[in-house]
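Trainee: Could you take a close look with me at one part of this model, the salt bridges? I would like to see how the charged side chains pair, and then what surrounds them.

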Amino acid sequence: MSIWESLAVLAAGIGAGTINTIVGSGTLITFPVLLATGLPPVTANVSNTLGLVPGSISGAIGYRNELKGQRARILRLGAVSLVGGLAGAVLLLVLPPKSFDTIVPVLIGLALVLVVLQPRLAASLRRRREAAGTAAEEREGGPALLTGMLFSSAYGGYFGAAQGVLYLGLMGLLLNEDLQRVNAVKNVIAALVNGIAAVFFLFVAEFDWTAVLLIAVGSTLGGQIGAKVGRRLPPTVLRGVIVTVGILAIVQILLR
């Protein structure tokens, strides 16, 4: 890797760490850059996953104030997401790279619809639960959220582009919670999923250490930048950013 390629990968890592912390979809920045340096697709994907782990942790630390009081929620969702993330990492090595290409844009599109309609849908769900007397039982999302997080994490372990958009769409709809606090949980779950996939890849897949280290440094810096920016965004603006990034993700994946 030349010096200019190295600088490009580092810059991509900063950008990915920033956008991952605010929304998600940082992989859509780093993955094409790694391919441009000449890395094979699977090697680039694995190296990218390994490098983004420190960025996810950095973003979660930046959102530590919004994480207060959410330990039980994180443990519950994290356990399910770890299983999904490991399953997705296994799928990356056993399935053809194009296997998810048809479903990925659909998943992201559905997540964007959930993000846009979240306030109205969440209020409607809340009224129905209160009328049925099940509001207390389902305030944490119930089986629907656990199932959704399982499959979203499997996708995250497989590729990860717009993984955060899926999480925000699901949790924003099914949790009676402020969007910034949901985003904080999203950053922790993303760190867990990327982490379990990274541990798996360390033992069974090929990766490029130079790319991993450059993205790790860049995404760690980006995670702090993203936390400073994202925590200041009002819910409406944050939703706008999520939708914009999600649409760009769909376009890039369809044109890939």
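Mentor: Happy to. Let us start with the term we will need throughout: a residue counts as buried under 20% relative accessible area, as exposed over 50%, and as partly exposed in between. E177, with a relative accessible area of 23%, is therefore partly exposed. Please keep in mind that this is a predicted model.

Now to the salt bridges, of which the count comes to three. E177 pairs with R73, and the closest N and O atoms of that pair are 2.8 Å apart. Because R73 lies in helix α4 and E177 in the loop between α7 (163-174) and α8, this bridge ties together parts that are 104 residues apart in sequence. R73 has a relative accessibility of 9%, so R73 counts as buried. E177 also meets the side chain of R181 in a salt bridge, at 2.9 Å from N to O. R181 has a relative accessible area of 22%, so R181 is partly exposed. Salt bridges with shared partners thus join R73, E177 and R181 into one network.

The remaining bridge involves the side chains of E66 and R231, with N and O 3.0 Å apart. E66 sits in the loop between α3 and α4, and R231 in the loop between α9 and α10 (235-255), so this pair connects parts that are 165 residues apart in sequence. At 14% relative accessibility E66 counts as buried, whereas R231, at 33%, counts as partly exposed.

What surrounds these pairs? The protein chain has ten helices and zero strands. Of its 256 residues, 54% count as buried. Long-range links are plentiful too: among contacts between residues at least 6 apart in sequence, 84% join residues at least 24 apart. The accessible surface of the chain comes to about 11400 Å², and carbon and sulfur atoms account for 70% of that area.

Let us follow helix α4, the home of R73, a little further. A89 lies in helix α4 as well, and its relative accessibility of 0% makes A89 buried. Setting aside neighbours within four places in sequence, A89 is in contact with G157, Y158, A197, F200 and F201. The C-alpha atoms of A89 and T49 are separated by 9.9 Å, with their positions 40 residues apart along the chain. L86 is another residue of helix α4, but L86 is partly exposed, with a relative accessible area of 36%.

L86 brings us to a nonpolar patch on the surface, made of V42, L86, V90, L93, V94, L95, V199, L202, F203, V204, W209 and L213, with about 1100 Å² of accessible area together. The elements that give two or more residues to this patch are α4 (71-94), α8 (179-204) and α9 (209-230).

W209, one of the patch residues, leads us on to the aromatic rings. A search of the whole structure finds two aromatic pairs. In one of them, the ring centres of F207 and W209 are 5.0 Å apart and the planes stand at 85 degrees, so this pair is edge-to-face. F207 is partly exposed, at 21% relative accessibility. F207 is also touched by T43, which has E206 and D208 as further contacts once residues up to four places away in sequence are left out. T43 belongs to helix α3 (residues 41-62) and is buried, with a relative accessible area of 12%.

For an interior position elsewhere, try A16 in helix α1 (residues 3-22). A16 has a relative accessible area of 0%, so A16 is buried. Beyond its neighbours within four places in sequence, A16 is in contact with G26, I29, T30 and L52. A16 and S219 are 203 residues apart in sequence, but their C-alpha atoms are 6.1 Å apart in space.

A word on confidence before you use any of these distances. The mean pLDDT of the chain is 82, and 82% of the residues reach 70 or more. Confidence is highest in α9, at 93, and lowest in helix α5 (residues 104-132), at a mean of 66. Where pLDDT is low, the predicted coordinates should not be read in detail.

How values were computed. Residues numbered from 1 in each chain as written. Predicted model: local features only at pLDDT ≥ 70, side-chain atom pairs only at ≥ 80, totals over all residues. Heavy atoms only, no water. Patch = residues over 30% accessible without salt bridge, like charges linked within 9 Å, V, L, I, M, F, W, Y side chains within 5 Å. Areas by Shrake-Rupley, 256 points an atom, 1.4 Å probe, with all protein chains shown as cover. Salt bridge = Lys/Arg side-chain N within 4 Å of Asp/Glu carboxyl O. Helix = DSSP H or I, 4+ residues; strand = E, 2+ residues; numbered from the N terminus. Buried < 20%, exposed > 50% of the residue type's maximum accessible area, 1.4 Å probe, protein only. Phe/Tyr/Trp six-rings, centres within 6.5 Å; stacked < 30°, edge-to-face > 60°. Contact = heavy atoms within 4.5 Å. pLDDT = per-residue confidence, 0-100.
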